[in-house]
Amino acid sequence: MKTATIISRVLLGLIFVTFGLNMFLNFIPMPPPPEGPAREFMTALFMSHYIYVVGALQVVGGLILLSGRWMPLGLTLLGPVIVNIVCFHVLMAPAGLPMALVVSFLALFLLWHYREHFAGLVKNGGPAVSQLPHQTIVMGNATVKS
């Protein structure tokens, strides 16, 4: 299990560092997106320079995964990026869906492996009710019961 976690972490980290840096350095030529909503969406990302925010999140998240430290932070940074990639390919450009699914699988595997760090997000029950007796607080002219 440890070997699979390391392989997934390094593979996902390399994917995101490589493609995140490509947003800034353009060392991998990108084919033009297909006509329709995918092209309009990508044009909007480039024209607004929002693509640099996405690239920065990819590079930082990928470097955290490669370092092996603060894995929950790296997964938290990359989570929205992965969701956006999958939604883009499902809804607008299905040709890239297989790679998006591989990336999703790797991220879900790591999320499952580090699930104890995210347990507070999905824990059953509401906030704990204090067992201390209620006290009366006097504030100026008003009395408040807590």
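**Notes on the helices, core and surface of this chain**

1. A starting point at the N-terminal side: K2 sits in helix α1. Helices here are DSSP runs of H or I with at least four residues, strands are runs of E with at least two, and both are numbered from the N terminus. K2 is exposed, with a relative accessible area of 65%; exposed means over 50%, buried under 20%, and partly exposed in between, using a 1.4 Å probe and protein chains only. In sequence K2 and H113 are 111 residues apart, yet their C-alpha atoms are 9.5 Å apart in space.

2. A word on what you are looking at. This is a predicted model, in which local features need pLDDT of at least 70 and side-chain atom pairs count only at pLDDT 80 or more, while totals for chains, interfaces and linings use all residues. Residues are numbered from 1 along each chain as its sequence is written, and side-chain values use heavy atoms, with hydrogens and water left out.

3. The overall layout is simple to follow. The chain has six helices and two strands, and along the sequence they come in the order α-α-α-α-α-α-β-β. Of its 146 residues, 29% count as buried. Take the contacts (heavy atoms within 4.5 Å) between residues at least 6 apart in sequence: 61% of them join residues at least 24 apart.

4. Now to the interior. A nonpolar core is a set of buried Ala, Val, Leu, Ile, Met, Phe, Trp, Tyr and Cys residues joined through side-chain atoms within 4.5 Å. The largest one in this model has 26 residues, and L12, F16, I82 and L110 have the most contacts inside it. Helices α1, α2, α3 (50-67), α4 (71-91) and α5 each supply at least two residues of this core, with α4 giving the most, seven residues.

5. L12 is a good residue to click on. Leaving aside residues up to four places away in sequence, L12 touches L65, V103, L106, A107 and L110. L65 also has V10 for company: the C-alpha atoms of V10 and L65 are separated by 6.7 Å, although the two are 55 residues apart along the chain. V10 lies in helix α1 and counts as partly exposed, at 30% relative accessibility.

6. On the outside, the chain exposes about 10200 Å², of which carbon and sulfur atoms supply 71%. These accessible areas come from the Shrake-Rupley method with a 1.4 Å probe, and for residues only the protein chains shown count as cover.

7. Part of that surface is a nonpolar patch of about 800 Å², made by F19, L21, F24, L25, F27, I28, Y52, M99 and V102. Patch residues have over 30% relative accessible area and no salt bridge; nonpolar side chains (Val, Leu, Ile, Met, Phe, Trp, Tyr) are joined within 5 Å, and like charges within 9 Å. Both α1 (2-25) and α5 (97-113) supply at least two residues of the patch, and α1 gives the most, with four. F27 is in the loop between α1 and α2 (37-47) and counts as partly exposed, at 44% relative accessibility.

8. The whole structure holds three aromatic pairs: rings of Phe, Tyr and Trp (its six-membered ring) with centres within 6.5 Å, called stacked if the planes are under 30 degrees apart, edge-to-face if over 60, and tilted otherwise. F24 and Y52 form a stacked pair, 5.6 Å centre to centre with 20° between the planes. This pair links distant parts of the chain, since F24 is in helix α1 and Y52 in helix α3, 28 residues apart. F24 is partly exposed at 39% relative accessibility, and Y52 is partly exposed at 37%.

9. F109 and W112 make another pair: their ring centres are 6.4 Å apart and their planes at 35°, so the pair is tilted. They are three residues apart in helix α5, which means about one helical turn separates them. Is each ring residue buried or exposed? F109 is buried at 17% relative accessible area, whereas W112 is partly exposed at 42%.

10. Finally, charge. Side chains of opposite charge can pair when their charged atoms come close. A salt bridge is counted when a side-chain nitrogen of Lys or Arg is within 4 Å of a carboxyl oxygen of Asp or Glu, and the count comes to one. The side chains of E35 and R39 meet in it, at 2.7 Å from N to O. E35 is exposed, with a relative accessible area of 64%, and R39 is partly exposed, at 29%.
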